[in-house]
Amino acid sequence: MSDAHGYSSDVAFTPAVKAIQTRKGSREAYAGIEAHGGWRTEIDDGLAGFLADTGSFYLATASAEGQPYIQHRGGPKGFIRVLDKTTIAFADYAGNQQYITQGNLSENPKAHIFVMDYAHRRRVKIWGEARIVEDDPALTRSLMPQGYRARPEQVILFEVKAWDINCPQHIPQKFDATDVAAALGSRDQRIAELEAELAALKGQPAPAGYAASCSGAQANSG
């Protein structure tokens, strides 16, 4: 952390923020967190696992004048990588070529990553500084998810300064379409198995759908 920060959470709890916390009655509770060192500043196994299961997040930057901008970043689960205890990296895919994020980072490296896990109603906030790496093809290749059809244009390296997990209040529970499809597929397979068992007990031939699903499962089991 910068020498200007007594606690890691000071990256967000500025004097103005603390004044409002005092006025509205929450300062004492957050002072207790500060007494134990504030927010975490290194990536632990829990955060690394959370990021490995992430396929979508938001990256916030601001211009030198303070104009904020938020951009979505997505890809296969695990496209955002942990390089060490304080560094996150991901391949930056070619898009609409507005380059607002890159322009902001060229004059103001402060950035923020906001990750939502709707299925488990969790959200993680990560403060830090980011920079663009355009001249390292080996690093870019190493960060590209295998088989993912996107054109990497550059890499974004994000140095973690502090991170925190929010409470689940007011987060609507939503599920990824691929996870729902997999769950429904497992359910349908189980229904077919039970129908076949019931038919066998009654001395009837197995349902046609069960035979098809079994042959497909056998074909995929190799």
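Which residues form one aromatic cluster? In this predicted model, the cluster is made up of Phe 13, Tyr 30, Trp 39 and Trp 127. Across the whole structure, the search returns seven aromatic pairs, and two of the pairs are described here in terms of their geometry, their place in the chain and their burial.

In one of these pairs, the ring centres of Phe 79 and Phe 90 are separated by 6.4 Å and the ring planes meet at 75°; because planes over 60 degrees apart count as edge-to-face, the pair is assigned to that class. Distant parts of the chain are linked by this contact, since Phe 79 lies in the loop between strand S2 (68-74) and strand S3 (81-84), whereas Phe 90, eleven residues away, belongs to strand S4 (residues 87-93). Both Phe 79 and Phe 90 are buried.

Strand S4 also contributes Tyr 93, whose ring centre lies 5.4 Å from that of Tyr 148, with the two planes at 50°, so that this pair is classed as tilted. Here too the contact links distant parts of the chain, with Tyr 148 placed in the loop between helix H5 (137-143) and strand S7 (152-166), 55 residues from Tyr 93. The two partners fall into separate accessibility classes: Tyr 93 has a relative accessible area of 17% and is therefore buried, while Tyr 148, at 33%, is partly exposed.

Apart from the ring pairs, a contact between a charge and a ring is found at Trp 163, where the charged end of Arg 40 sits over the ring at 4.1 Å from its centre.

Technical notes
Residues are numbered from 1 along each chain as its sequence is written. This is a predicted model: local features need pLDDT of at least 70, side-chain atom pairs count only at pLDDT 80 or more; totals for chains, interfaces and linings use all residues. Side-chain values use heavy atoms; hydrogens and water are left out. Rings of Phe, Tyr and Trp (its six-membered ring) pair if their centres lie within 6.5 Å; planes under 30 degrees apart count as stacked, over 60 as edge-to-face and the rest as tilted. Helices (H or I, at least four residues) and strands (E, at least two) are DSSP runs, numbered from the N terminus. Buried means under 20% relative accessible area, exposed over 50%, partly exposed in between (1.4 Å probe, protein chains only). A charge sits over a ring if NZ of Lys or CZ of Arg is within 6 Å of the ring centre and within 35 degrees of the ring normal.
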